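Q: I would like a close look at a single part of this model, with enough of its surroundings to place it. Please keep the answer connected and plain.

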Amino acid sequence: MPILLLCVIALLVIMVDWFLPLKRSFYTGAVALVCLVVTAGVLIVFLFHGGPGAAHEALHKPIPIFGGRLILDTLGLFFTLFFVLAALATAWVSLRTRSLRGGRAGEYYALLMLATVAMSVVAASRDFIVLYLAIETISLPCYVLVGYQRRERLATEASLKYILYGAVASGTMLYGISFIYGLSGTTLIPDLYQIGPEKAAAAGVGLILLLAGLGFKMALVPFHSWCPDVYEGAPTPITAYLSVASKGAGFIALVRIAYPLFCASETHLAIPALIERINPVTLFWVLSAATMTLGNLVAVWQTNVKRLLAYSSIAHAGYMAMAFTLMNKEAFEAIVIYLVVYFVMNLGAFFTVLFIENATRRCDLDSYRGMIRRSPLLSVVLTIFLLSLLGIPPTAGFLAKFKLFGALIKAASRPAIALAIVGIANTVVSAYFYLKVVKVMVLDEGEDETPFAASALDGALLVVFAVAVFALFVFWTPIQHMASTIPLDLTQF
Amino acid sequence: MLVPDSLLLTFVTFVPLVGLVAVLCIPNRLPRAIHWTSAMFSALVFVLSCDVLVRYFLQGGPTSGGRFFFILQMNWITAYHIQYYMGADGLSVSLIFLTGLLSFLACFAAFNITKGVKGFHAMYQLLLIGMMGVFCAKDLFLFYVFWELMLLPMYFLIGVWGGPRREYAAIKFFLYTLVGSVLMLLAMLALYCQYREAGRPFDMEYLLSQQPFAAALDIQQLVFWAFFICFAIKIPMFPFHTWLPDAHVEAPTAISVILAGVLLKMGAYGILRINLPMFAATTTGLTLGIPTLYIIAIFGLINIIYGALCAMAQTDFKKLVAYSSVSHMGYVLLGIAAMNRESMNGAVFQMFNHGLSSGMLFLLVGVIYDRAHHREIARFGGLGVQMPRYFALAVIGFFASLGLPGLNGFISEVMVFLGAFRANLDILPHARAITLCASIGVVLTAGYILWCMQRVYLGEAKPEYQGFPDANAREIFTLAPLAALCIFLGVYPIIALRVFDGTMVSLIRFLYPTVGM
């Protein structure tokens, strides 16, 4: 049970921190790191020991636990691995972040671990209350982590903003859940679809409120406005973590709620009458189109690289939300694959920004002028990540987008194709600001061109990410295969 | 050679990847070593491309009727039915050889680069992968990947190592090409949706046999023109040509050679490989009530005349050469539109010849720019006396571009004109009128080239150019092979024509099975 393992690690990290003298808090991070590596190893062996997709064989029957409040299945385990790896990468770079050195680091890693535990609970939840609690448990450590550098004015401001927005969002979400509970009589997710179509109006209100809460986590427009400020103010490793893991948790929560719908289309079952009545397609159409358009357009004006990447991550949430207009197997695979690719390219981009910040203590676009002459390696890998975010072949980002747009066009309905065209137009717009960063780094002359180099360890980490961006492009079939073997089976949910 | 047939094209395409890694491994303080490593890998690519040509001849390519050779077909991304499918017919083989030759020679022209040598050659090798890949790919998706792969290296090569207005030129090139790529991507998605059930939506051979959207001609026309505009931007066809003068002028010499010599050919290659055969109904039919080939011919005519007139008006030496490319690529479009054996062979031969002669012209401009550090035609004069060896090579280059009998350009232009003049009027209406108008282009070309030569090379030697050294060994090494080929192909063109004649004949037969050649 990986969630238990993660809980144990979180507690272990706290205890290690107690017994270590203040100056030695570096070791807390190291302990967290080692434990995360072990967990990731266990999960990988469990999921892939017979080649990709083998977990489905191992988990013939998903195991419901706590009276079906949680479910142990491939999807959940896969995303647990996703969150563990994100935490692992974050813990690793946190150890190497200059601004986080000194002071007590113990609680930092403990909080990171707690957030990760909560995320894996989200991935396994089958009950609205569990889901709500898990999402709250993600938020609380994140509030603290965002404001971890207490003396930084921006960090404190970001943390406060995050708390205020988060509190409103979770309140809204809980209110929505209470509607659904009132209508269905239980808090189990599958029971949502038992609600009769005559109660569609009330259920619709409940679902929209619920979606508002999740939209906050995913940073969908119009619930996105916290995102740039928090991303800018937070320590950069935490920004990377939020942009990938926390956003991923929002998506996986939505996937869990919509899981019966994905299954319905796969097994050609009738779509529940309630959903037929509410018709969420239009809602997601508008949400995703608005999210990516706003994200990309506003990113054009950004002069701070962290803010620029924040808007870019909003835009990517918009791309992924497109898949929810389809709710079929193809769209499900597209979300899973997009999240995996996004994991690599977005973490890579933020980590590069972090290592540049480590050396220059700045992350405004002006300080990137002539970066290619200051640190060729960092400039080249950042270029690769940005190109992948833009979606130019031969990078994995291109195939992820291809899969997503392909799913929309395959659906061959008028709104789906219109949305695909909106998405492609957005991609062209995004070329402007991604390439602007590349242009500034390569073509512009900087005032300060003193060279610096990332340490060998940091460089190696980034090279691994950059190689992964290409490797996922060339060896696409395994990841595609892996996504397609995650079962969509309602009888097992 | 040791490489098996099936892997030959893979080697030609991916040897530069090894070169890229090798270049990156050499420390920055050894710029000579980086130059030479890059040159050696380009030489290896050239040797391999010669090998492609030789094997093509040995295996009876010229008489095979447009068959594909050196085929390698493997599944790549099975979920979307994308294959790693390489193969080359006569058209590809001739362009692979041209690419190998020009990239090898241009690499030496880059030896005078001092800033960021490592980056330059890394980008250069990356560019080489993309160029070779485009001519080898037989899978549409693979073709697209290689096509996109060139975009970024070219952007950097112009933007970092270019002239004073390099950033403007680079971003203009990038945006024009990106718009074309997006159009191509949309067209490919349309094909994907049509044939995903059949399981081979990107296989060029399959698409050719299926004739996509033959039942819905309005959709086929949209797809046809999406591809066509993408390629027309690359050619560059009027009115999409405005990126070219900027990019050519700002790019460093070596990159101008590659741009003019290879990249422009990719546009024409795409039209011949994808547009014409895959959408035969649109090619042989009407668009908006006008015969499609007629539209292409008219744009070709505009390119010839407009390009020549622009070239005549230029005061910048390099810009003149750039506009001459616009004019010369017009002959290719006209030849394609006339759709008979002479004109099609002439068009492809013109592509090849333009690669040689414009490559030479850019190298020639580069040689004097290195010495004079300006390119204003009016300020030159009497360089022929100063630099006799250089002048001799320049005469060959300019006259080949002009189309002087005895040099290669003459053969291809005459073939295009002969073919276009006797084109079937059902296929290309007003063929004779168009050809007659286009022949004005010959006079204009002679006009701007002779006038330019007169102003630059002839006349009194000017004092400020006293003591300019004659072309050095490196420069002669880059120019002489091209000059020799220009003469050789002018005297014995049949050897080149044999390479792609079979492909062109089978293309025409495929489009017009009943019409005589």
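What follows concerns helix 20 of chain B: where does helix 20 bend, and which of its residues are buried?

A: The model is a predicted one, and everything below is computed from it. Helix 20 of chain B runs over residues 473-491, which is 19 residues. From first C-alpha to last, helix 20 reaches 26 Å, close to the 27 Å expected at 1.5 Å a residue. There is nevertheless a bend of about 30° in helix 20, located at Leu479(B). A proline, Pro481(B), follows within four residues of Leu479(B).

Leu479(B), where the bend lies, is also one of the buried residues of the helix. The others are Glu475(B), Thr478(B), Leu482(B), Ala483(B), Leu485(B), Cys486(B), Leu489(B) and Gly490(B). The cover over these buried residues includes helix 3 (90-109), helix 15 (341-372), helix 17 (388-402), helix 18 (408-421) and helix 21 (494-511), which belong to chain B.

The rest of chain B gives the setting. Chain B has 21 helices and four strands. Its radius of gyration is 22 Å, close to the 24 Å that the globule rule gives for 517 residues, so chain B is as compact as a globular protein of that length. Measured out along the principal axes, its C-alpha atoms fill a box of roughly 70 × 55 × 45 Å. Of the 517 residues in chain B, 59% count as buried. Among contacts in chain B with a separation of 6 or more, 79% are between residues 24 or more positions apart.

Chain B also touches chain A, in a contact that takes 18 residues from chain B and 16 residues from chain A. On the chain B side, helix 5 (140-149), helix 6 (151-161) and helix 7 (166-195) each supply at least two residues. Helix 7 of chain B gives the most to that side, with seven residues. By class, the side of chain B that touches chain A has 13 nonpolar, two polar and three charged residues.

For the partner, chain A has 20 helices and two strands. The radius of gyration of chain A is 22 Å, close to the 23 Å from the globule rule for 493 residues, so chain A is as compact as a globular protein of that length. Its C-alpha trace spans about 70 × 55 × 45 Å along the principal axes. Of the 493 residues of chain A, 57% count as buried. For contacts in chain A between residues at least 6 apart in sequence, 79% join residues at least 24 apart.

Terms used: Residues numbered from 1 in each chain as written. Chains lettered and ligands numbered in written order. Predicted model: local features only at pLDDT ≥ 70, side-chain atom pairs only at ≥ 80, totals over all residues. Rg over C-alpha atoms; globule rule 2.2 N^0.38 Å. Buried ≥ 20, exposed ≤ 12 C-beta atoms within 10 Å, placed from the backbone. Contact = placed C-beta atoms within 7 Å. Nonpolar A, V, L, I, M, F, W, Y, C, P; charged D, E, K, R; others polar. Expected span 1.5 Å × (residues − 1). Bend = angle between axes of the 7 residues up to and from the residue.
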